[in-house]
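The following note is addressed to a colleague who is meeting this structure for the first time. The points are numbered for ease of reference.

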Amino acid sequence: MFTGYLTILLTTSLLYYYSSTGSVDITTESPLDTWVARQQLTSFKTIMRNINPPGTSRGFFAASPSTYKPDYFYTWTRDSALVARVITALPDTNLTVLTDYVDFQIKAQMTPTVCHCLGEPKFNTDGSGYTGSWGRPQNDGPAERAIAFIAIANRWLLEGQDETYVANTLVPAITKDINYVVDIWQQPCYDLWEEIEGVHFYTLMVMRRALLDTVDFFDTNSGTSFRVDHYKSTAYQIEKRIESFWSSHQNYITSTQDVRNGVQKPSGLDVSTLLAANLVSYRNDGFFTPGSDKILATAHALEDVFKSIYPLNQQLDENLGTSIGRYPEDIYDGVGTSVGNPWFIATAAYTELYYLAIKEWKQVGVVINDINRPFFYRLLDTSSIQKTYYAPGSVELDQLLYKASNIADKYLATIQYHQDSNGSMSEQFDRYIGYMAGARDLTWSHAAFITAAKAKSFTPIS
């Protein structure tokens, strides 16, 4: 638990501030930085333990080693793709781990499933499709898998490996998933939390990224651009639909439209909106990226509501950040249904969002307007806002970045406070007492921490 860190966050922020302005050269790591570096190693080792555990088929990425209350000893197309994307960017990941993942997923593409489609959400340890009752299809999965396949292909080629593997194995797999996205993107499906059927901001955002990644990949690699124009036009159509999720009345992005079945979310707020922004940020095109106005407004609205509903966030230690959950109406407690809790994924997403936004702001500056003003009022407080434009390289912008990095680090301190001392991270932590809950050592939790840490070091995972 959190002890003796009264000066960590200030020290960390000063390290960032002075190094960004070039005024002082400080090389000593803060205690928080030391923990972040250590936890990245622990999280990587935990992910590797959850890949190919005993008794599973080669290429099986366990969502968690937990087999009872809850049983997460399956591989989810979504979770495994998001994790594969992260470890592909880490030099310590052996290529064999990645090719095993590819082999398993290609078999999954051809495996008979209940939904008779590529949107089957999860598979058993032997690679067979799960046949129990479930929310299906989940059409974010094929898009995320295509993103992971492309990342693996790019690394494979960058390391000078045999190009025939990419041409003969990865390109057909990418094409299968992307053509599926083109065909079904307008159809309702279940969301990434597997609880509501409709059309989802998150799903459309990952589909758009997958399409544009495919265009970039095929444009770079000659002989594979046969449907690039069609992929581009579909991405453009998806953009237009994504823009309709903005609610000017509520001043935030609503997560789902055209609801058919599932849980009720009257607020429309969901942290998946921010997960989507983080995932697409590397494209650096300003389209609902972390530093963009509507994403910041949504981040503010989400944090506001979680501050009010989680007892953990009442009388919060000044060195800790807000504990963040999935959505305000959540009742999944990690085993059954009672009340929802904060998630490590969601809390890490705020650190990642802040640092990715800082990266954007350093390039283009900050314009405070009616949409993002509530976010910046929290960041700066009303008395500190002297102007509406903070230019790149200005002292005023550097001061803003200093405050933003301070807040970003508080979410990391929250993760440290609620994890086990051995570096274990479950799915959730209890909203009342803060102890870990839900599936133990959720693989996605550890991957989410790594992406947050990489964003903090300004080497974000693409």
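1. In which helix is alanine 447 found? Alanine 447 belongs to helix α14. The model is a predicted one, and alanine 447 is buried in it because its relative accessible area, 3%, falls under the 20% limit. Beyond its neighbours within four places in sequence, alanine 447 makes contact with Ile47, Val83 and Val86. Glycine 59 stands 388 residues from alanine 447 along the chain, and 17 Å separates the C-alpha atoms of the two.

2. Threonine 443 is a further residue of helix α14. Threonine 443 is buried as well, with a relative accessible area of 5%. When residues up to four places away in sequence are not counted, threonine 443 touches Ile47, Asn50, Ala62, Ala63, Ser64 and Val83. Two of these names, Ile47 and Val83, also appear among the contacts of alanine 447.

3. On confidence, the protein has a mean pLDDT of 92, and 92% of its residues reach 70 or more. The reader should treat residues 1–27 separately, for there pLDDT stays under 50. The model nevertheless has 51 contacts for residues 1–27 beyond four places in sequence.

4. How many cavities of 30 Å³ or more does the structure hold? There are seven of them, and the largest cavity has a volume of about 200 Å³. The largest cavity is lined by 15 residues, of which Arg85, Leu275, Glu352, Trp444 and Thr451 are the closest to its centre. Helix α14 (443–456) is one of the elements that give two or more residues to this lining, together with α3 (77–88), α9 (272–280) and α11 (344–364). By character, the lining comprises eleven nonpolar, two polar and two charged residues.

5. The model also contains an open sheet of three strands, in the order β3-β4-β7, with antiparallel pairing. Which strands stand at the edges of this sheet? They are β3 (189–190) and β7 (256–262); each has a single partner strand, so one side of each lacks a neighbour in the sheet. In general, the strands of a sheet pair through backbone hydrogen bonds, either parallel or antiparallel.

6. Strand β4 (residues 196–200) is joined to β3 by two bridges and pairs with β7 over four bridges, in the antiparallel sense. Glutamate 197 in β4 stands opposite tyrosine 190, and the bridge partner of glutamate 197 in β7 is asparagine 261. Is β4 enclosed or open to the outside, and why? Five of its five residues are buried, so β4 is largely enclosed by the rest of the structure. In the hairpin of β3 and β4, five residues lie between the strands, and glutamate 194 takes a positive phi near 70 degrees.

7. A final point concerns tyrosine 130, which lies in the loop between β2 (122–123) and α5 (140–158). Is tyrosine 130 buried or exposed? Tyrosine 130 is buried, because its relative accessible area of 18% is under 20%. Its contacts, leaving aside neighbours within four places in sequence, are Tyr74, Val114, Glu120, Lys122, Phe123, Asn124 and Arg136. Glutamate 144 is 14 residues from tyrosine 130 along the chain, with 19 Å between their C-alpha atoms.

Key:
Residues numbered from 1 in each chain as written. Predicted model: local features only at pLDDT ≥ 70, side-chain atom pairs only at ≥ 80, totals over all residues. Heavy atoms only, no water. 1 Å grid on protein atoms, 1.4 Å probe; cavity = no way out; pocket = protein on both sides within 12 Å on 5 of 7 lines; lining within 4 Å. Points joined across faces, edges and corners; volume = space filled by probe spheres on them. Nonpolar A, V, L, I, M, F, W, Y, C, P; charged D, E, K, R; others polar. pLDDT = per-residue confidence, 0-100. Contact = heavy atoms within 4.5 Å. Buried < 20%, exposed > 50% of the residue type's maximum accessible area, 1.4 Å probe, protein only. Pairing = 2+ DSSP bridges.
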